[in-house]
Amino acid sequence: MPKQDGKNRREKGKLTIIAGPMFSGKTGKLVAMVDVFTRMGHHVLTVKPSFDTRYGNRKEIHSHDHKTTQALVIDGEVPDEILQKILMIHADKIIFDEVQFFDKKKVIKVIKELKKRGMHVIVAGLLYDYQRRPFGATSDLLGLADERLELFAICQKCGSLARHSERMHGGKGQVDVGAADKYIAVCEKCHKIYQ
Ligand SMILES: [Zn+2]
């Protein structure tokens, strides 16, 4: 690879973020992106946290012609190890799905480094947890992003645009992976925190 100064390298990379509550269509947008990227001949890699087993193997990001992207599962590695694993795959479009589940400091470090190396990083995740607190690295990444898309769901109580996820039942931990069985999308006014 030709030598470049730091400035040029930084300009080459890009960070795109898709943020929104559950049921706001983040995965649909990722699928649309993967579709276009693969048609353009890009090599797409999806990086996922190990415990996001919500839909088992069915939650793969794939293009509309049903080709799944290559996936890498991360389970507690330090940033250098994560970086090495990603770089070994030689992808140029790197997707971090459910980015709120990654360790905040680690994932920001890895993403900055990938960007510096000229890669296009796409992250998708929840901005808020069920108590309306910032969730993981998502809001920090929103500030760092070159392209931002904030999606809304529809409030299941009043029909307004919804930016929050309400946990109907379950534990008190910030992470409690589930889907329609445990969560609904609600607007700020309707949102309740059950203790
Ligand atoms: Zn509402």
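Q: Before we start, what are helices and strands here?
A: Both are DSSP runs: a helix is an H or I run of at least four residues, and a strand is an E run of at least two, with numbering from the N terminus. One more thing to keep in mind is that this is a predicted model.

Q: Thanks! What follows H4, and what is the sign of its phi?
A: Gly118 follows H4, and its phi is positive, near 90 degrees.

Q: And just after H2, which residue takes a positive phi?
A: That is Gly41, with a phi of about 90 degrees.

Q: Okay, on to the sheet. In what order do the strands of the open sheet run?
A: The order is E3-E2-E4-E5-E1-E6, so to speak from one side to the other, with 6 strands and parallel pairing. The edges are E3 (70-74) and E6 (147-150), each of which pairs on one side only. From one strand to the next, the twist averages 15 degrees.

Q: Let's look at E5. How many bridges does E5 have with E4?
A: Strand E4 (residues 93-96) pairs with strand E5 (residues 120-125) over 4 bridges, in the parallel sense. If you want to find the register in the viewer, Ile95 stands opposite Ile122 in E5, and Phe96 has Val123 as its bridge partner there.

Q: And how many with E1?
A: Strand E1 (residues 14-19) and E5 share 6 bridges, again parallel. Leu15 has Val121 of E5 as its bridge partner, and Ala19 has Gly125.

Q: What about E1 and E6, how many bridges there?
A: E1 and E6 pair over 4 bridges in the parallel sense. One pair to look at is Ile18, which stands opposite Leu149 in E6.

Q: Back to E5 for a second. How many of its residues are buried?
A: 6 of its 6 residues are buried. His120, Ile122 and Ala124 point one way from E5, while Val121, Val123 and Gly125 point the other way.

Q: Now the helices. How long is H4?
A: H4 has 13 residues and spans 18 Å from first C-alpha to last, close to the 18 Å expected at 1.5 Å a residue.

Q: Which of its residues are buried?
A: Val107, Val110, Ile111, Leu114 and Lys115 are the buried ones in H4. They are on the same side of the helix, because they cover an arc of only 135 degrees around its axis.

Q: What covers them?
A: The cover includes strands E1, E4 and E5, along with helix H3 (79-88) and helix H5 (138-144).

Q: Speaking of H3, is Gln84 buried or exposed?
A: Gln84, which sits in helix H3, is exposed, because it has 10 C-beta neighbours inside 10 Å and the cut-off for exposed is 12 or fewer. Its C-alpha is separated by 10.0 Å from that of Val110, although the two residues are 26 apart along the chain.

Q: How about H2, what does it span?
A: Helix H2 (residues 26-39) has 14 residues and reaches 20 Å between its end C-alpha atoms, close to the expected 20 Å.

Q: Which residues of H2 are buried?
A: Lys26, Leu30, Met33, Val34 and Phe37. An arc of only 100 degrees around the axis holds them, so they lie on the same side of H2. Gly28, Val36 and Arg39, on the other side, are exposed.

Q: What do the buried ones pack against?
A: They pack against E1, strand E2 (44-49), E4 and E5.

Q: Changing topic: which residue does the "active site" annotation cover?
A: According to UniProt, in an unreviewed entry, the "active site" annotation covers Glu98. That residue is in the loop between E4 and helix H4 (104-116).

Q: Why does Glu98 count as buried?
A: Glu98 counts as buried because it has 22 C-beta neighbours inside 10 Å, and the cut-off for buried is 20 or more.

Q: Where does UniProt put the "binding site"?
A: The unreviewed UniProt entry places that feature at Val175, Asp176, Val177, Gly178 and Tyr183.

Q: Last one: where is Tyr183 in the fold, and is Tyr183 buried or exposed?
A: Tyr183 is in strand E10 (residues 183-186). It is buried, with 22 other C-beta atoms within 10 Å.

Note on methods
Residues numbered from 1 in each chain as written. Predicted model: local features only at pLDDT ≥ 70, side-chain atom pairs only at ≥ 80, totals over all residues. Pairing = 2+ DSSP bridges. Axes fitted to C-alpha atoms, helices over the stretch in contact; angles between N-to-C directions. UniProt positions renumbered as here; feature names shortened; annotations may be inferred. Expected span 1.5 Å × (residues − 1). Arc of directions from axis to C-beta. Contact = placed C-beta atoms within 7 Å.
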